[in-house]
Amino acid sequence: MTQKLIVIGAGMATGRMLETLVDANADYDITLINGEPRGNYNRIMLSPVLSGEKTYAEIVTHDDDWYAQHGISTRFGCFVQAIDRKARTVTLATGEVLVYDKLVFGTGSNPFMIPLPGAHLDGVIAYRDLEDTERMMGLGPEHKCVVIGGGLLGLEAAAGMAARGVDVTVVHIMGHLMERQLDEAAGYLLRKALVDKGITVKCSANSKEILGKDGHVRALLLDDGTELPCDLLVMAVGIRPNVSLAQDSGLAVGRGIHVDDQMVTSDANILAVGECVEHDGAIFGLVAPLYDQAKVAAATLMGEDAQFVQKELSTKLKVTGCDLFSAGDFADGEGREDIVFRDPARGVYRRLVITDNVVIGVVMYGDTADSNWFFGLIRDKTDISDMRDTLIFGPAYQGGTPLDPLAAVAALPRDAEICGCNGICKGQIEDAIAAGASDLGAIKATTKASASCGTCTGLVEQVLAVTLGDDFVLPAAASICGCTDMTHEDVRRMIKSQRLTSMPAVWQECAWKTVDGCHVCRPALNFYLLADWPLEYQDDPQSRFINERKHANIQKDGTFSVVPRMWGGITTPNELRAIADAADKYAVPTVKVTGGQRIDLLGVRGEDLPDIWADLNAAGMVSGHAYSKGLRTVKTCVGTDHCRFGTQDSTGLGIKLEKELWGSWTPHKLKLAVSGCPRNCAEATCKDIGVVCVDSGYQVSIGGAAGMDVKETELLVQVASEQEAIDTIKAVTQLYRENAKYLDRIYKWMNKVGLDWIKERIETERAALVDRFELSQSIYRRDPWAEHARDKAQSYQPLANLSLEAAE
Amino acid sequence: MSNWIDIAPLSDIPKRGARMVKTALGCVAVFRTAQDEVFALNNACPHKAGPLAEGIVHGKSVTCPLHNWVISLETGEAQGADEGRVTTYPARVEGGRILLDRTFLRARTAA
Ligand SMILES: Cc1cc2nc3c(=O)[nH]c(=O)nc-3n(C[C@H](O)[C@H](O)[C@H](O)COP(=O)(O)OP(=O)(O)OC[C@H]3O[C@@H](n4cnc5c(N)ncnc54)[C@H](O)[C@@H]3O)c2cc1C
Ligand code: SF4
Ligand code: SF4
Ligand code: FES
């Protein structure tokens, strides 16, 4: 006797199941019910429909003819409202009641809508079905759209609309796109490709509220106060299995409808397939496993023996021009090794995660031709020990050539600036080489490139090497560290010329050999990025040495020392009392006067830092940055106020300088001093920057040191007014920030570039340098103590306290 | 036998960062790599007991803040020319939470 089969949901899973049943001539009288006013179509092809690469008609998988031909009766545009499992009936929204012998759930999932204020407004949609797609297709070039969610779906929505000329902004809460499938490096490349398509991408951005006007969406408001105007807002932040009907009918439901290996639910007559299912703790959001489920369900319905087994999954992004593949697991776990391959010139990135000689995860960007092969290695758990050396290059690879460190330079366009001082770009150097120049001297003579400060020498040599090939032997230059073959100067040049504004960008474009650098290069890169892109770059605390990360000096026993700022060395009885109180309250073992005219509280426990800072802040004191590669002190003598020899107000100038310069980050620590006359009681001539006041004005000198090396400063300029002295000092500080190698004090940098070059730049570019310095200060002249005491105090405490636990 | 104990959400440790867990016998440093792996090590460098939790985390290593020894988070072994080893403890992430092994943490009492 033919049994009655009712299928709820005409989705991708049930479509495949019906095909299998029909192909096998299964003995069922089938009714298909679907909430959407249409039958089965290929939902994943909605993205190409959105971008205009396909039409809806092309993605229909089963049309009316097909259902008719196979005797499947259909109810489209109609929801199942209730199920009576005892009577074995389903009730439709129309009131119609149908009887079944077997029932299959294929209700898919519901898009998750973040319950933001304003989420109910007209124009706030998800990306799930044809209706949503049509809403997006209705936007024209004059429209703006915001997409919340930088995952697979959100990015396809964004790319689809951008292809139609819509002004799209993607807002993503995490630090990089598709963080569940991609690592930072691949995320960076993807972001770059999307930005090239005209899409604005905002990562680490938290949505706060959806703003409306007359009931329609008008803008998205972010946590930081930014308003993003939009005509349509698409939320693509995740899905939840659609289980309400199953739950109401009393089936066992967790996150999804519970099924066994045969896809049977807690009711022997009811099966479930697709995204609505939970199998062995897992739920599913990609079609590959759903198709497996569909086949198993069909077999079960036909009384055959079949089992659903969970397999590794892979992801591809269906955005033209963004070749991206990710599979397996590259996140959690121990005992894993990475093999990373970067070819910045081609925008290619590959990463394999290996454990016990088996590949368990792969991320590929740019060239995904070999993705299936790698995926096969994961699926089959192939032992790769024999091919490990060449594995990363893919299946076709025989033998091996080492990575070319010059690739980055070769990839520079002809108009990339090589020598900043003289404005010489790559093309001019290539032309000079074509005209016969074959060494650095000849390039200097004919183009002036690298003839001034010389920081670009390495780069010019590389252009020579790339252009001349074997005819030019590259002098070996020390690279930053083992993670790269490039020197500090090369990397700084790349950061500027290629507008690299994040660390993953540098790792990729400069072909870093490690996943995320090391303790040597990361602090340097962090400084370079922050100095060059104060507005765009987000400081990375995890790339800072502990002193700067915790804003206190670490001591040999792991305690810290705290030094409040004393502007120009001046303090007050109240400040001294507050310092004394703090020393008492936090049981500070040592209170010491430093070599830079300040008071050091030594031996503070890490956990107490936020509290002691809060107390010192309350007394009006801020961090002295005694730990930083930045401005430390401005030492002063008493000057005209009290001293009989004083020619100018040295203390006043010291205070002004410290107030202007504090908080600025520099390649190494920066110490200043101002003396009121040539008797030089503040010892200004052994500081990084020293000022000696004289009758006729101010002598500004630089490049002193009194540390491992002892050096006397050299005169930079003599100026008549205090303001000129301040501007000169800002300008030279900025020049040092922009050009010096990380961890070079001013005197080392000066030895490399020459005092004359510095003089010339200060003379010709002082105003511009001051402007750039001020711009950076508008962001960094802040008290880190106050910020940490307010927002981060918790992170100074232990993560957990198990002392009682272990004592049991 | 393992006996996992829930310490805190993974998000309480920044990527490429570390936090300390206090136990009756000193501190254990819990590290989180860029790839969201977690590792637990004694918070004392084999060189001069530097607090490893304050170091810079890179790849699957941490650099001690005192004198830059590089310690493998997986084995606790000092890298390169340096010699020494820090005790490591089983740690893992499950459902976004950090789990440590109570049995091992207690075992250090005996050691
Ligand atoms: C735009 C887009 C792009 C995607 N791209 C990819 C991709 O590239 N690769 C990939 O693997 N996956 C992709 N996915 C995911 C994939 O489409 C889903 O995993 C798959 O469609 C789920 O199939 P399903 O049969 O479980 O449910 P669905 O295809 O969602 O079908 C469920 C159907 O059930 C109906 N229904 C629900 N409740 C009832 C009820 N009570 N009564 C009657 N009918 C009901 C719904 O109306 C719906 O039509 C994409 C998804 C979207 C939206
Ligand atoms: S440097 Fe000159 S002005 Fe300053 S305290 Fe010494 S003698 Fe007086
Ligand atoms: S001189 Fe050496 S020992 Fe003294 S405080 Fe400086 S670093 Fe420490
Ligand atoms: S204590 Fe760790 S390197 Fe010295």
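Here are a few notes on the predicted model above, covering its ligand sites and its nonpolar cores.

1. Some ground rules: in this predicted model, local features need pLDDT of at least 70 and side-chain atom pairs pLDDT 80 or more, while totals for chains, interfaces and linings use all residues. Residues are numbered from 1 along each chain as its sequence is written, chains are lettered from A and ligands numbered from 1 in the order written, and side-chain values use heavy atoms, without hydrogens or water.

2. Start with ligand 1, which has 30 residues around it (a heavy atom within 4 Å). Glu36(A), Arg128(A), Glu275(A), Val287(A) and Lys318(A) come nearest. Oxygen atoms of the ligand make polar contacts (N or O pairs within 3.5 Å): one is 2.8 Å from a side-chain N or O atom of Glu36(A), and one is 3.1 Å from a side-chain N or O atom of Asn34(A). The protein buries 93% of the 990 Å² that ligand 1 exposes when taken alone (Shrake-Rupley method, 1.4 Å probe).

3. Around ligand 2 you will find Cys637(A), Cys643(A), Cys677(A) and Cys681(A), among others.

4. The largest nonpolar core (buried Ala, Val, Leu, Ile, Met, Phe, Trp, Tyr and Cys residues joined through side-chain atoms within 4.5 Å) has 97 residues, and Met161(A), Leu190(A) and Trp512(A) touch the most other members. Helix H17 (residues 521-532; a DSSP run of H or I, at least four residues) gives the most to this core, with eight residues.

5. Have a look at Asn526(A), also in helix H17. Asn526(A) is buried (under 20% relative accessible area, 1.4 Å probe, protein chains only), at 2%.

Technical notes:
Buried < 20%, exposed > 50% of the residue type's maximum accessible area, 1.4 Å probe, protein only. Helix = DSSP H or I, 4+ residues; strand = E, 2+ residues; numbered from the N terminus. Polar contact = N/O pair within 3.5 Å; in protein donor to acceptor, adjacent residues only side chain to side chain.
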